[in-house]
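User: I would like to learn how to read the features of a protein model step by step. Could we begin with a turn between strands and go on from there?

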Amino acid sequence: MDTQTPAPVPPPGCPAHASGARVPLHGPEFAADPQAYYAYLRHFGPTAPVELAPGVEATLVTDYATALHLLQDSASFRKDARLWRDFNEGRVPRDSPVVPLLAYRENCMFSDGGEHLRLRQAITDSMARVDSHRLARSTERISEYLISQFGSRGSADLLGDYAKQLPLFVFNELFGCPAGVGDRVLFGITGMFDGVNAEKATAVLFGAVQELVTLKRSRPGDDVTSWLMQHHANLTDQEMVDQLSLLLGAGAEPLRNLLGNTLHRLLTDDRYADGGGLIGEALDDTLWGNPPMSNYAPHYAASDMEFAGEKVRAGDLMLVSFAAANSGLALTAARTAGNNRSHLAWSAGPHGCPSKEPARHITVTAIEHLLNRLPDVELAVPEDSLSWRPGPFNRALAALPAKFTPVPSSVRGEARSGAAGSSSGASGDQAGGDGKGERKGRWSQFLSWLTN
């Protein structure tokens with residue numbers, strides 16, 4: 001009797017269906033139903049061959065125990081992207097959209113051993129100095145400003161008008177960005193992750209951060225940038241630029257997605273849509289089922305080896321699928337047993353997220369304030385009409401249209417009525433120039449609103 005398991009069938013629309021090629025984690029088909037792809041990938045075993053973008057190959061870890069092994073084995077798997085063999089040998093296009101998030105920088109994410117400990121400690125020690133009450137006040141103030149821009153309309157895109165902007169504003173304030181620098185930081189990060197003039201946006205971001213570093217060297221303040229500079233790790237200017245760019249960019253995008261995905265759960269899940277569920281519970285549900293970074297944690301094999309039953313070559317790019325691991329049988333059993341935070345949404349091991357508590361705090365505060373101001377907010381379109389942004393790394397909505405009873409603008413909002421620009425942020429001309437004779441960018445507008 002033949003008891004062999006039938007060969008797995010790729011999800012509909014997957015190019016691997018016909019060719020047997022690597023499974024693509026890009027394009028609208030993957031974005032529309034990633035869990036179907038993860039179910040298919042599990043048939044390969046604990047790891048699977050994937051394509052992150054045209055010409056960019058990787059091995060994706062989909063099993064929880066195997067993911068923990070990789071994340072905790074710093075001797076066998078390194079973070080230094082200069083080891084990436086396919087990139088070094090020219091098989092990865094230099095202009096690939098995924099390269100900016102994988103290329104080497106002098107920060108704790110792309111370092112190992114003692115150098116990683118030095119750079120990581122500077123971040124953890126500096127972020128630990130952020131006062132939670134100050135962070136809550138800052139988040140509420142920024143939330144109020146953003147709501148003042150759309151509250152009187154009775155409708156909004158809670159992603160573009162709120163979740164996308166709030167993390168950037170919070171980080172600008174925490175890092176002590178003055179008006180002109182903050183405008184360019186907002187423009188740079190938005191362009192990098194949205195893929196709009198990404199090369200220019202990256203240059204704008206790093207130029208703005210370099211200016212911030214120069215400013216804080218001469219005029220330190222009560223902010224994370226200054227605390228990093230004062231740390232006994234003695235960061236160089238280049239390390240400062242790369243560390244700050246990591247914190248601003250890698251912090252803002254996942255937080256934006258966490259806000260958006262948690263709001264999505266609150267507005268679409270019957271347990272929360274009637275107002276009976278707690279925000280913290282919705283946030284944990286989101287981290288389990290819709291983590292903001294679904295596939296990431298790039299590592300590179302230190303040598304030729306066998307890993308999870310497959311041959312791996314030195315310099316192979318390895319990624320962890322937090323989303324697939326979270327939805328696998330091992331974690332489903334753990335969650336059923338009551339371990340509600342055993343998921344991998346924050347990663348694990350020496351490179352686990354150093355700012356998960358501030359991220360939770362910002363998310364809960366921002367959503368609480370929004371729901372207090374707009375208590376009857378609800379989804380403005382059928383849930384099945386919502387679309388998700390394509391891309392291999394993050395899980396993020398393209399938009400989250402909502403409606404609510406219009407609310408009057410705050411006093412500050414009325415004082416500066418009409419001054420705000422488009423909700424998508426400052427344009428390249430606004431953010432990239434010298435500021436003379438130009439319309440203010442979004443961060444400048446917020447600072448003006450505060451003083452009215």
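Analyst: This is a predicted model. We begin with a hairpin: β2 and β3 are joined in this way, with two residues between them. Within the turn, G55 has a positive phi of about 85 degrees.

User: How many bridges join β2 to β3, and in which sense do these strands run?

Analyst: In general, strands of a sheet pair through backbone hydrogen bonds, either parallel or antiparallel. Here strand β2 and strand β3 (residues 56-61) run antiparallel and are joined by six bridges. As an example of a single pair, T47 has V61 in β3 as its bridge partner.

User: Which sense applies to β1 and β2?

Analyst: Strand β1 (residues 23-24) and β2 run parallel, with two bridges joining them. In this pairing P24 stands opposite E51 in β2.

User: What is the strand order of the open sheet of six strands, and which strands lie at its edges?

Analyst: One reads the order from one edge to the other. The order is β1-β2-β3-β9-β6-β4, and the pairing is mixed. The edge strands are β1 and β4 (77-78), each of which pairs on one side only.

User: Why is β2 described as largely enclosed?

Analyst: The argument rests on counting buried residues, where buried means under 20% relative accessible area. Five of the seven residues of strand β2 (residues 47-53) are buried, so this strand is largely enclosed by the rest of the structure. For the protein chain as a whole, buried residues make up 53% of the 452 residues.

User: Which helix lies across β2 and β3?

Analyst: Helix α4 (residues 64-72) lies across β2 and β3, and also across β4, β6 (295-301) and β9 (317-321). Relative to β9, helix α4 runs at about 130 degrees.

User: What is the order of the open sheet of three strands?

Analyst: Its order is β5-β11-β10, with antiparallel pairing. The edge strands, each pairing on one side only, are β5 (155-157) and β10 (378-379). Two bridges link β10 to strand β11 (residues 401-403) in the antiparallel sense. There, L379 stands opposite A402 in β11.

User: How should I read two helices in contact, such as α13 and α18?

Analyst: A general idea helps: an α-helix has 3.6 residues a turn, so residues three or four places apart point the same way. In this case, L255, L258, L259, T262, L263 and L266 of α13 meet A359, I362, T363, A366, I367, L370 and L371 of α18. The residues of this contact comprise eleven nonpolar, two polar and no charged.

User: At what angle do the axes of α13 and α18 cross?

Analyst: The axes of helix α13 (residues 237-268) and helix α18 (residues 356-373) cross at roughly 45 degrees and come within 10 Å. The two helices are therefore oblique to each other. The crossing of α13 past α18 is right-handed.

User: How many residues of helix α9 are buried?

Analyst: Nine of the nine residues of helix α9 (residues 166-174) are buried, so this helix is largely enclosed by the rest of the structure. Among them are F169, F171, N172 and E173. After α9 comes G176, with a positive phi near 70 degrees.

User: How many helices and strands does the protein chain have?

Analyst: The protein chain has 21 helices and eleven strands. Among its contacts between residues at least 6 apart in sequence, 70% join residues at least 24 apart.

Notes. Residues are numbered from 1 along each chain as its sequence is written. This is a predicted model: local features need pLDDT of at least 70, side-chain atom pairs count only at pLDDT 80 or more; totals for chains, interfaces and linings use all residues. Side-chain values use heavy atoms; hydrogens and water are left out. Two strands pair if DSSP finds at least two bridges between them. Helices (H or I, at least four residues) and strands (E, at least two) are DSSP runs, numbered from the N terminus. Axes are lines fitted to C-alpha atoms, for helices over the stretch in contact, and angles run from 0 to 180 degrees between N-to-C directions. Angles under 35 degrees count as roughly parallel, over 145 as roughly antiparallel, 65 to 115 as roughly perpendicular and the rest as oblique. A crossing is left-handed if the near helix is turned anticlockwise from the far one by less than a right angle, and right-handed if clockwise. Contact means heavy atoms within 4.5 Å. Ala, Val, Leu, Ile, Met, Phe, Trp, Tyr, Cys and Pro count as nonpolar, Asp, Glu, Lys and Arg as charged, and the others, Gly among them, as polar. Buried means under 20% relative accessible area, exposed over 50%, partly exposed in between (1.4 Å probe, protein chains only).
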